[in-house]
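I opened this model to look up how its helices and sheet pack together. These are my notes.

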Amino acid sequence: HILASISHDLQTPITRMRLRAESLDNGVERDRILADLAEMEHLVREGVAYARSAHGGDETPVRTDPAAFLESLVFDYQDTGQPVTLTGSIHGVAMVRPRALRRVLVNLIDNAIKYGGSAEVGVCRDEGNSLCITVSDRGPGIPEAELDDVMEPFYRLEASRNRDTGGAGLGLAIALQLMRSIGGNLTLANREGGGLVATVVLP
């Protein structure tokens, strides 16, 4: 609640500062101020999103065709020229909280594209008949010792997967918290041959 309140209250003064900066004469200093404010706005939005992700379970589950859901998501990326593919198929329906699941998968796919150049989305049923969705890339991966740490709030890698554009280190923390709030789980593992695979499991 504290994080949500602080993040929300910061939005108004940041907006005022941005409007004032935009009224300045064009120049390097104006551009730097606007860039700093854009970074602050991003951090605030991520703070609010993380606080709200604890309540992802408030969304009502609906009967969903997972295959159609994932095809629609992947096609949205392909329509904009993004290198995202879908492998595997399952039949039947599942009780899913679609907004929460979409938020998680978009985060994972965006990360895969950013760090690996492309994303491979896979879907299957595990031995317990749980719905398993994977998002894989061929990027640099993550050091084994940090696979759990990267899903902690505000943790940022100092290696090649670290954001260099003002990331808050909250994306994976939001995804994990959302998954747990809706009764699922998210794990990360380095991929054989290089890269990372994120696995979402829903009962």
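I looked at helix α3 (residues 66-79) first and found it lying across β2, β4 (119-125) and β5 (131-136), at about 160° to β2. Helices (H or I, at least four residues) and strands (E, at least two) are DSSP runs numbered from the N terminus. Angles run from 0 to 180 degrees between N-to-C directions, with axes fitted to C-alpha atoms, for helices over the stretch in contact. I then checked helix α4 (residues 98-116), which packs on the sheet and touches β2, β4, β5, β6 and β7 (contact means heavy atoms within 4.5 Å). The direction of α4 makes about 25° with that of β5.

The model is predicted: local features need pLDDT of at least 70 and side-chain atom pairs 80 or more, while totals for chains, interfaces and linings use all residues. Residues are numbered from 1 along each chain as its sequence is written, and side-chain values use heavy atoms, without hydrogens and water.

Next I traced the sheet. It is open, with mixed pairing, in the order β2-β4-β5-β7-β6; strands pair if DSSP finds at least two bridges between them. The edge strands are β2 (84-87) and β6 (185-190). Six bridges join β6 to β7 (residues 196-202), and the two run antiparallel. I noted that Leu-186 has Val-200 in β7 as its bridge partner.

Which residues have the most contacts inside the largest nonpolar core? I found Leu-105, Ile-109, Ile-133, Leu-186, Leu-188 and Val-200, in a core of 42 residues. Such a core joins buried (under 20% relative accessible area, 1.4 Å probe, protein chains only) Ala, Val, Leu, Ile, Met, Phe, Trp, Tyr and Cys residues through side-chain atoms within 4.5 Å. Helix α4 gives the most to this core, eight residues.

Note on methods. Buried means under 20% relative accessible area, exposed over 50%, partly exposed in between (1.4 Å probe, protein chains only).
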